Protein chains: 2
Amino acid sequence: MPRSSPALLEPRKWPVQARSTASVDAILEATIQVLLSVGKERLTTTRVAQRAGVSVGTLYQYFPNKSALLQSVLQRHLSRVAAALEEACIQQRGSSLQSMAAALINAFLDAKMQDIKTSVALYAVSSDVDGAKIVRHTSKRAHKAIVEMLATAREPLRKDPQLVATLLQSVMTGVSRRLLESPAPEKHVEPLRHELIVLATVYLEAAAKPPHPPAP
Amino acid sequence: MPRSSPALLEPRKWPVQARSTASVDAILEATIQVLLSVGKERLTTTRVAQRAGVSVGTLYQYFPNKSALLQSVLQRHLSRVAAALEEACIQQRGSSLQSMAAALINAFLDAKMQDIKTSVALYAVSSDVDGAKIVRHTSKRAHKAIVEMLATAREPLRKDPQLVATLLQSVMTGVSRRLLESPAPEKHVEPLRHELIVLATVYLEAAAKPPHPPAP
DNA sequence: TGGTTAGATGAAGAAAGCTTCAGGTTAGGA
DNA sequence: TCCTAACCTGAAGCTTTCTTCATCTAACCA
């Protein structure tokens, strides 16, 4: 089981004809399904290929190794989430903190929940050595977008925007994880979404006031 | 590589003499070190035994399989954290929400950071199939403690304590994860701790006020 | 229609790790 | 001191999975 292959994410061959594009898509989709049905531990390249309706050989024609396959799926998913966040952040420039809080939470949860299955399936993958790198990278991307948004808020922050952004991100991912870990995520999204918005709002408002509000 | 063995957490033989107790301790400690040095993917029972200064045979005398070994380490760690949380929650009964928030965050972060290395090492393990179960169980334990504490707060909550507790937990674990993922957790504990207390405090205060505070 | 390239196949090679067990060593009581 | 139970050892068996490659088929184009 040679795991430590060069972390090539690139396909060794790019799909050219429609036929092969379909194969690649099927493989990607099958990966998620296998992940959901048998879990990361028992995901094998053969099983993925079988589920995708192709042979292992075909799989290896487009993905240099198992790790790259998993990374591809994760990359694609996180990229979408990050893009959604960036868009929301840009669109909220110049708004109030309250509006920013709501937009941020909504964009994040919507992106994550749009394809709950994928999110759940990839949850386990993301903590692998290779996955962590991708997660970190995507996180930085989101962090930057949030900081830049906060800098344009109507009510200026009195705290380090970097720190505030970090908290917001941690809070969002914390709740999202909790959600995805639960047996029926859909059932709890709405109450948690609302609560998360409240939380983010009051926190941002506190960050706009003087650092140490006097206790009663 | 038969992974699907019965999830026995119990040692197949309990240490009796001091000699064997030392072996078990060494194995447990070695597991963490191997986890830190080569990562979960390349952790092998042989490597753990070697690091512990015993033979693989000895390892298998006390742990039925690799999975049980990992679970043991995780179990021990999470149990300690949960116990610390419970203690803090009991001790805070009847206090103000602000005091509860601070006590909760402090207890959690202190427990997690007391042995940062272990926390970091186990971070990856916790998302394995077997680890998830343990995490869920510990989480429920903490959840119960928090809810019971909140019920005794001087300022009564206007929101579902279950929901509030869930948020608090999500937020804490979210920040903790972020911390442990960073290259130098120690450096960021203090600012994050302070910020987290602010966040928890304002959130709890908002939860004690009427559900929908009028916007300016 | 024929030639060329893209795409697909799957049996088999190779590697690796988990786990066992037969046999040797140590500790502690009678 | 001797005996028994506890403890330790590590080479080897057994499985499993990854990955390759020689070969075959389909698509495109001149």
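Let's start at DNA strand D, which in this predicted model is surrounded by 29 residues. The closest of them come from both protein chains: Thr44(A) and Asn65(A) on one side of the list, and Val16(B), Ser20(B) and Gly57(B) on the other. If you look at which helices stand behind this surface, chain A brings helix H2 (45-52) and helix H3 (56-62), while chain B brings helix H1 (18-38) and helix H3 (56-62), and each of these supplies at least two residues. H3(B) gives the most, with four residues. In chemical class, the surface near DNA strand D is made up of 14 polar, 10 nonpolar and five charged residues.

Now turn to DNA strand C. Here 30 residues lie around the strand, and those that come nearest are Ser20(A), Val54(A), Gly57(A), Thr44(B) and Asn65(B). Two or more residues each come from helix H1 (18-38) and H3 of chain A, and from H1, helix H2 (45-52) and H3 of chain B. The largest share belongs to H3(A), with four residues. By class, the surface near DNA strand C holds 11 nonpolar, 14 polar and five charged residues.

With both strands visited, it is worth asking how the two protein chains are arranged. A rotation of 180°, with 0.1 Å of shift along its axis, superposes chain B on chain A with an RMSD of 0.1 Å. The two copies are therefore related as by a two-fold rotation axis. To find that axis in the model, go to Gly174(B): of the residues of chain B, Gly174(B) comes closest, with its C-alpha at 1.9 Å from the rotation axis. The same surface serves both copies, as 96% of the contact residues of chain B recur in chain A.

What does the meeting of the chains look like from chain B? In total, 24 residues of chain B are in contact with 24 residues of chain A. On the chain B side, helix H8 (161-181) and helix H9 (185-208) each supply at least two residues, and H8(B) gives the most, with nine. The residues on this side of chain B divide into 12 nonpolar, seven polar and five charged.

Helix H9(B) also has a partner inside its own chain. Helix H5 (residues 97-114) of chain B packs against H9(B) at an angle of about 145°, with the two axes 8 Å apart, and the crossing is right-handed. On the H5(B) side you can pick out residues including Leu97(B), Met100(B), Leu104(B), Ile105(B) and Met113(B), which meet a set in H9(B) that includes Val189(B), Leu196(B), Ile197(B), Leu204(B) and Ala208(B). By class, this contact of H5(B) with H9(B) has 14 nonpolar, two polar and two charged residues. Arg193(B) and Glu205(B) are among the H9(B) residues taking part.

Let's finish with a single residue, Ile134(B), in helix H7 (residues 129-150) of chain B. Why does Ile134(B) count as buried? Ile134(B) has 21 C-beta neighbours inside 10 Å, and the cut-off for a buried residue is 20 or more. Leaving aside residues up to four places away in sequence, Ile134(B) touches Gln71(B), Leu74(B), Gln75(B) and Leu78(B). As for Arg178(B), this residue is 44 residues from Ile134(B) in sequence, and the two lie 21 Å apart in space, C-alpha to C-alpha.

Technical notes:
Residues are numbered from 1 along each chain as its sequence is written. Chains are lettered from A and ligands numbered from 1 in the order in which they are written. This is a predicted model: local features need pLDDT of at least 70, side-chain atom pairs count only at pLDDT 80 or more; totals for chains, interfaces and linings use all residues. A residue is near a molecule or strand if its C-beta atom, placed from the backbone, lies within 6 Å of it. Ala, Val, Leu, Ile, Met, Phe, Trp, Tyr, Cys and Pro count as nonpolar, Asp, Glu, Lys and Arg as charged, and the others, Gly among them, as polar. Two residues are in contact if their C-beta atoms, placed from the backbone, lie within 7 Å. A residue is buried if 20 or more other C-beta atoms lie within 10 Å of its own, exposed if 12 or fewer, and partly exposed in between; C-beta atoms are placed from the backbone. Copies are superposed by least squares on the C-alpha atoms of residues with pLDDT of at least 70 in both. Axes are lines fitted to C-alpha atoms, for helices over the stretch in contact, and angles run from 0 to 180 degrees between N-to-C directions. A crossing is left-handed if the near helix is turned anticlockwise from the far one by less than a right angle, and right-handed if clockwise.
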